[in-house]
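Biologist: I should like to learn how to read a structural model feature by feature. Could you give me the general idea each time and then turn to the case at hand?

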Amino acid sequence: MGLFDRLFGRKEKPKAPVLEEEHEEKGAKEQVDVAEEVAIDPAQAHHLRQESQDLAELAQEAGTEESAGEQATAEPAEEVADVEEQQGLDRVTEYPATGEAASHVVAAREQESRPAMPINHEQVEEGLSSQPVAESEEEKYQRTLKKTRTGFGAKLNEFFANFRSVDEDFFEELEELLITSDVGVQVASHLTEELRYEARLENAKKPEALRRLIIEKLVEIYEKDGQFSEQIAFQDGLTVMLFVGVNGVGKTTSIGKLAYRYKQAGKKVMLVAADTFRAGAVAQLVEWGRRVDVPVVTGPEKSDPASVVFDGMEKAMAEQVDILMIDTAGRLQNKDNLMAELEKIGRIIQRSLPDAPHETLLALDASTGQNALVQAKEFSKITPLTGLVLTKLDGTARGGVVLAIRQELDIPVKLIGFGEKIDDIGEFHSESFMRGLLEGLV
């Protein structure tokens with residue numbers, strides 16, 4: 001089953017109409033089958049009949065207005081017992097009488113079946129109100145992609161409202177809409193050409209006939225060969241994660257949140273502040289370490305970043321750390337120096353652990369739209385990237401950039417930021433993302 005079918009289901013085929021005679025015959029057969037399956041114990045039936053009669057008499061003696069009104073509409077006890085015999089005695093008995101007297105009898109019988117437990121309702125309500133309601137991951141995706149989804153949905157609905165026929169103007173306007181939705185020029189052009197072909201093949205005359213097809217094509221673009229490679233490459237021993245990205249994209253904050261996430265999962269975590277030429281970056285990472293109670297390896301101001309990384313690797317291996325996360329500089333405007341620095345850091349890491357770093361992750365600010373795509377292209381030239389960390393997606397309508405990155409660079413998104421809270425970060429899941437992005441448009 002393809003990604004689109006898993007997200008939104010296949011098109012339902014119209015069911016053949018059922019004739020009224022067939023429906024009645026089927027219903028009669030089901031009743032016979034149920035009757036054949038139920039085995040009635042006469043002793044239990046007699047007990048239930050007697051119990052119903054006792055309740056009816058108690059309710060009548062109560063003489064309340066409520067019980068009198070309800071008694072008038074209730075069935076006789078014998079009829080109820082007969083119905084219960086037909087339906088099977090494994091069901092909960094429904095008594096014909098209500099009111100104060102009947103409720104006391106019911107309560108007494110229920111009390112016999114289980115021990116009494118005093119409940120302080122005020123304490124229960126107070127406890128419930130004080131417990132924060134934890135969001136599920138699916139709810140986080142829905143919240144995070146709300147702006148993107150509603151923005152794209154509004155544009156698409158307006159687009160279909162403006163066109164009455166499928167012509168060349170339709171496809172040109174659609175391509176422009178997709179580009180302005182940050183799915184990228186390449187994605188927009190590819191999708192528009194695909195739709196032109198499909199429209200001719202299906203002889204589609206009305207725009208609405210292509211609505212579902214547009215969403216299908218967007219999903220297909222992301223699905224590609226079905227290889228998403230989104231899982232973090234955790235190792236049995238030490239896992240080394242190298243983080244790159246320009247200043248201000250949320251790189252250091254993402255590292256701090258991940259440190260909290262992994263520590264909560266029972267992992268031993270250590271951080272390395274290798275952005276030594278920016279004092280603010282080191283101080284920020286140290287503060288995150290203090291907040292989440294994780295050690296941070298630092299060096300003297302403006303010291304060689306590779307030397308700090310060397311110290312971090314030595315300590316991590318000596319202390320049997322599970323996850324080591326390294327924060328690096330992001331001076332993209334000086335590519336040559338940055339490339340040399342990252343290459344040197346890589347050599348130092350491999351000297352201590354030959355197969356490391358196991359992840360080289362680029363942090364991207366989703367709110368920058370196509371500029372994030374440009375940054376991804378430039379960093380991929382400087383150093384091999386294994387994945388992306390998508391930040392600040394909750395505050396923007398530019399989530400479509402993920403499609404552009406998938407189509408043009410084929411670098412998997414591995415982590416996603418959901419917001420400002422300390423636990424608002426998680427592993428990226430294609431199905432959750434595409435559902436959150438496109439749900440309601442089909």
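Modeller: Let us begin with a loop. Pro357 is found in the loop between helix 16 (335-352) and strand 5. Please keep in mind throughout that this is a predicted model.

Biologist: What kind of peptide bond joins Ala356 and Pro357?

Modeller: Most peptide bonds are trans. Ala356 and Pro357, however, are joined by a cis peptide bond, with omega at about -5°.

Biologist: Which residues other than glycine have a positive phi here?

Modeller: Most residues other than glycine have a negative phi. Among the exceptions is Asp293, whose phi is near 60°. Asp293 sits in the loop between helix 14 and strand 3, and its relative accessibility of 57% makes it exposed. Gln320 is another case, with a positive phi of about 55°. Gln320 belongs to the loop between helix 15 (305-318) and strand 4 and counts as exposed at 66% relative accessibility.

Biologist: How should I read the overall architecture? How many helices and strands does the protein chain have?

Modeller: One begins with the inventory and then asks how the strands are arranged. The protein chain has 19 helices and eight strands. The eight strands form an open sheet with mixed pairing, in the order 3-2-4-1-5-6-7-8. Strand 3 (296-297) and strand 8 (425-427) are the edge strands, each pairing on one side only.

Biologist: How do strand 1 and strand 5 run relative to each other, parallel or antiparallel?

Modeller: Strand 1 (residues 239-244) and strand 5 (residues 359-365) run parallel and are joined by four bridges. To find the register, look at Leu242, which stands opposite Thr360 in strand 5. On the other side of the comparison, strand 5 and strand 6 also run parallel, with five bridges between them. There, Asp365 stands opposite Thr391 in strand 6. The chain passes from strand 5 to strand 6 by way of helix 17 (residues 370-382), and this β-α-β crossover is right-handed.

Biologist: Which strand follows in the pairing with strand 6?

Modeller: Strand 6 pairs with strand 7 (residues 413-417) in the parallel sense, over three bridges. Val389 has Leu415 of strand 7 as its bridge partner.

Biologist: Why is strand 6 described as largely enclosed by the rest of the structure?

Modeller: The general approach is to examine each residue of the strand in turn. In strand 6 (residues 387-391), five of the five residues are buried, so the strand is largely enclosed by the rest of the structure. Gly387, Val389 and Thr391 point one way, Leu388 and Leu390 the other way, and all are buried. For the protein chain of 442 residues, 43% count as buried.

Biologist: What may be said of Thr383, in the loop before strand 6?

Modeller: Thr383 lies between helix 17 and strand 6. It is buried because its relative accessible area is 12%, under the 20% limit. Leaving aside residues up to four places away in sequence, Thr383 touches Leu342 and Thr360.

Biologist: How does a helix lie against the sheet?

Modeller: One asks which strands the helix crosses and at what angle. Helix 14 (residues 279-292) lies across strand 2 (269-273), strand 3 and strand 4 (323-327), and runs at about 165° to strand 2. Within the range of helix 14, Arg291 lies over the face of Trp288, at 4.4 Å from the ring centre.

Biologist: How many aromatic pairs does a search of the whole structure find?

Modeller: The search finds seven aromatic pairs. One of them joins Phe163 and Phe170 edge-to-face, at 5.6 Å centre to centre and with 90° between the planes. Phe163 is buried at 15% relative accessibility, and Phe170 is buried at 0%. Phe234 and Tyr262 offer another case: their ring centres are 5.5 Å apart and their planes stand at 90°, so this pair is edge-to-face. Because Phe234 lies in the loop between helix 12 (211-223) and strand 1, and Tyr262 in helix 13 (residues 251-264), the pair ties together parts 28 residues apart in sequence. Phe234 is partly exposed at 40%, whereas Tyr262 is buried at 4%.

Biologist: Which residues form one aromatic cluster?

Modeller: The cluster consists of Phe159, Phe160, Phe163, Phe170 and Phe171.

Key: Residues numbered from 1 in each chain as written. Predicted model: local features only at pLDDT ≥ 70, side-chain atom pairs only at ≥ 80, totals over all residues. Heavy atoms only, no water. Pairing = 2+ DSSP bridges. Helix = DSSP H or I, 4+ residues; strand = E, 2+ residues; numbered from the N terminus. Contact = heavy atoms within 4.5 Å. Axes fitted to C-alpha atoms, helices over the stretch in contact; angles between N-to-C directions. Phe/Tyr/Trp six-rings, centres within 6.5 Å; stacked < 30°, edge-to-face > 60°. Buried < 20%, exposed > 50% of the residue type's maximum accessible area, 1.4 Å probe, protein only. Lys NZ or Arg CZ within 6 Å of the ring centre and 35° of its normal. Right-handed = clockwise from strand over helix to strand, strands pointing away.
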